[in-house]
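Here is a quick tour of the model shown below. Keep the structure open and follow along as we go.

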Amino acid sequence: MKEKNRLKVMIYGEEYTIKGSADPTHIKKVASFVDQKMEQISHTNSFLSIKQIAVLVALNLADELLCLREDYDELIKILDGMHKRKKS
């Protein structure tokens, strides 16, 4: 079982303690990415609350993830088709 790392990170001016088995460098990178996304949205929508900014970031990231999953699934289908043609 992987050891749990405990790390303090800053996201949108708030300190959070993150626990996880991922490498601390990766955890910092993820936190920094979320912080940057929150800053981007807050600059273009200065009237939004922190909660609204966080929800918009979550929606944007979920959209990006779902699009990447669709692209991945399509690539797998293409590769499977190429693999099957080579066997024929």
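## Ground rules, and a start at A58

Let's begin with A58, which sits in helix α2, spanning residues 50-87; helices here are DSSP runs of H or I with at least four residues, strands are runs of E with at least two, and both are numbered from the N terminus. A58 counts as partly exposed because its relative accessibility is 44%. The labels work like this: buried is under 20% relative accessible area, exposed is over 50%, and partly exposed is in between, with a 1.4 Å probe and protein chains only.

Bear in mind that this is a predicted model, where local features need pLDDT of at least 70 and side-chain atom pairs count only at pLDDT 80 or more, while totals for chains, interfaces and linings use all residues. Residues are numbered from 1 along each chain as its sequence is written, and side-chain values use heavy atoms, with hydrogens and water left out.

## The nonpolar core

Which residues make up the largest nonpolar core? There are ten: L7, V9, I11, I27, A31, M38, I41, L48, I53 and V57. A core in this sense is a set of buried Ala, Val, Leu, Ile, Met, Phe, Trp, Tyr and Cys residues joined through side-chain atoms within 4.5 Å.

Two or more of the core residues come from each of β1 (5-11), α1 (24-44) and α2. Helix α1 gives the largest share, with four residues.

## Two patches on the surface

Now for the outside. D63, E64, E70, D71, D73 and E74 gather in a surface patch of negative charge. Patch members have over 30% relative accessible area and no salt bridge; like charges are joined within 9 Å, nonpolar side chains (Val, Leu, Ile, Met, Phe, Trp, Tyr) within 5 Å. Asp and Glu count as negative and Lys and Arg as positive, with His and the chain ends not counted; a charge is placed at NZ of Lys, CZ of Arg, CG of Asp or CD of Glu. One of the patch members, E70, belongs to helix α2 and counts as exposed because its relative accessibility is 55%.

The other patch is nonpolar: Y72, L75, I76, I78, L79 and M82, together offering about 570 Å² of accessible area (Shrake-Rupley method, 1.4 Å probe; for residues, only the protein chains shown count as cover). M82 is also a helix α2 residue, and at 40% relative accessibility it counts as partly exposed.

## One salt bridge

How many salt bridges are there? The count comes to one, taking a salt bridge as a side-chain nitrogen of Lys or Arg within 4 Å of a carboxyl oxygen of Asp or Glu. K8 pairs with E15, and their closest N and O atoms are 3.9 Å apart. Both K8 and E15 are exposed.

## A positive phi, and some long spans

Y12 is worth a look: its phi is near 50°, a positive value in a residue other than glycine. You'll find Y12 in the loop between β1 and β2 (14-20), partly exposed with 21% relative accessible area.

For a sense of scale, A58 and M82 are 24 residues apart along the chain, and their C-alpha atoms are separated by 36 Å. D80, in helix α2 and partly exposed at 41%, lies 42 Å from V9, C-alpha to C-alpha, with their positions 71 residues apart in sequence. E3, in the segment before β1, is exposed at 66% relative accessible area; its C-alpha atom and that of L59 are separated by 31 Å.
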